[in-house]
Amino acid sequence: VPRPYIPDLISSLSPRWKTYVTAASFEIRNGVPIHRPPYLRIPRLAAAFWGDTGAFLCCRSKAREMHRRVEFDAIFSFDLDATGVIAWRLGRDLGVAASGWAFGDDVRSSPSSPIGRVVKRALARLDLIFYQSHELLETAARLLGISPSLMPERHIVLPHGIPEPPSLPRDEMRETLRKEWGVTDQHSVILSIGRIVREKGVFELLEAISLASAQNPRIFCVLIGSIPAFDDLSLIHILTLPTSDLV
């Protein structure tokens, strides 16, 4: 999981930079060893290069060392734009198959943008690509400028689904949360979980809730974002204004 290198002295200038600095370079989580090698990235300058070729060059020695120790059978990346673009390069460097999984924003870039061109290379060179939905497969086809029916067989729709949740005291938890939010049983609660960024449709959600609440004032919406460093702080400021329809 490569992370941008940020000098300690300037990490306080941005919440996200501070997150990168405080992230452990190595840890074991649920029995899985996780490496986070740093790579050079100059803000506002050739971001696509640093996230693609630059990250690969900085991570290559660590990947080779790990490969010598455990002998990878394949490389699997859970996106196409951040680590997916590194996956196909590492696969060729190590001589193993490389695959990626498209989840959303990674295939929605403009074909003419630097990031779009990087993702197009990943789409063309990964040995196997999975898509969370048919809509994402069609989006990838548009990025490549071809019809979805002409996508090679290595492009596969495979929704990962949602694991069955553990047994929980649902009624008690529901009652406790509603009391904390000041919501009665007569309210309909709409819960949105995800990074609070414009691309995920936050303003569209606001508009939909505003239209629905005009018809039914008992609609209550809750937004749960990521850690502050990965949410759009300017959007959070707008959403928490006293005049906002959504709190």
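## Proline 217

In this predicted model, proline 217 is exposed, because its relative accessible area is 65% and the cut-off for that class is over 50%. Proline 217 sits in the loop that links helix H7, which covers residues 202-215, to strand S10, which covers residues 219-224. Twelve residues separate proline 217 from leucine 205 along the chain, and the C-alpha atoms of these two residues lie 16 Å apart.

## The chain as a whole

The protein chain contains eight helices and ten strands, and along its principal axes the C-alpha trace spans about 60 × 50 × 40 Å. Of the 247 residues in the protein chain, 32% are buried. When contacts between residues at least 6 apart in sequence are considered, 63% of them join residues at least 24 apart.

## Arginine 3 in strand S1

Arginine 3 belongs to strand S1, made up of residues 3-4, and with a relative accessibility of 15% arginine 3 counts as buried, since the limit for that class is under 20%. Leaving aside residues up to four places away in sequence, arginine 3 touches Tyr20, Ala23, Ser25, Arg36, Pro37, Pro38 and Tyr39. The C-alpha atom of arginine 3 is separated by 22 Å from that of leucine 123, a residue 120 positions away along the chain.

## The hairpin of S2 and S3

Strand S2, residues 26-29, pairs with strand S3, residues 32-35, in the antiparallel sense, and the pairing runs over four bridges. Within this pairing, isoleucine 28 of the hairpin stands opposite proline 33 in S3.

Two residues lie between the strands of this hairpin, and asparagine 30 is found in the loop that they form between S2 and S3. Although asparagine 30 is not a glycine, its phi is positive, at about 55 degrees. Asparagine 30 also counts as exposed, because its relative accessibility is 79%, where the class begins over 50%.

## Glutamate 71

A positive phi in a residue other than glycine occurs at glutamate 71 too, where the value is near 55 degrees. Glutamate 71 is placed in the loop between helix H2, which covers residues 47-70, and strand S5, which covers residues 74-77. With a relative accessible area of 59%, glutamate 71 is exposed, because the class takes in residues over 50%.

## Serine 99 and helix H5

Serine 99 has its place in strand S6, residues 97-102, and counts as buried because its relative accessibility is 10%, which falls under 20%. If residues up to four places away in sequence are not counted, serine 99 touches Ile75, Phe76, Ser77, Ala87, Leu126 and Leu128.

Strand S6 is also part of what covers the buried residues of helix H5, together with elements that include helix H4 (114-125), strand S7 (128-131) and strand S8 (155-157). The buried residues in question, within the run of residues 134-144 that makes up H5, are Leu136, Leu137, Thr139, Ala140, Ala141 and Leu143. Just after H5 comes glycine 145, which takes a positive phi of about 75 degrees.

## Helix H6 and the second largest pocket

Helix H6 consists of twelve residues, 170-181, and at 1.5 Å a residue it should span 16 Å; the C-alpha atoms at its ends are 16 Å apart, so the expected span and the modelled one agree. Just after H6, glycine 182 takes a positive phi of about 70 degrees.

H6 also contributes four residues to the lining of the second largest pocket, and this is the largest share of that lining. The pocket has a volume of about 270 Å³, and its lining is formed by Pro165, Pro166, Leu168, Arg170, Met173, Arg174, Leu177 and Leu191. By residue type, the lining divides into six nonpolar residues, two charged residues and no polar ones. As background to such a description, rolling a probe the size of a water molecule over the atoms shows where empty space is left.

How values were computed. Residues numbered from 1 in each chain as written. Predicted model: local features only at pLDDT ≥ 70, side-chain atom pairs only at ≥ 80, totals over all residues. Heavy atoms only, no water. Expected span 1.5 Å × (residues − 1). 1 Å grid on protein atoms, 1.4 Å probe; cavity = no way out; pocket = protein on both sides within 12 Å on 5 of 7 lines; lining within 4 Å. Points joined across faces, edges and corners; volume = space filled by probe spheres on them. Nonpolar A, V, L, I, M, F, W, Y, C, P; charged D, E, K, R; others polar. Buried < 20%, exposed > 50% of the residue type's maximum accessible area, 1.4 Å probe, protein only. Pairing = 2+ DSSP bridges. Contact = heavy atoms within 4.5 Å.
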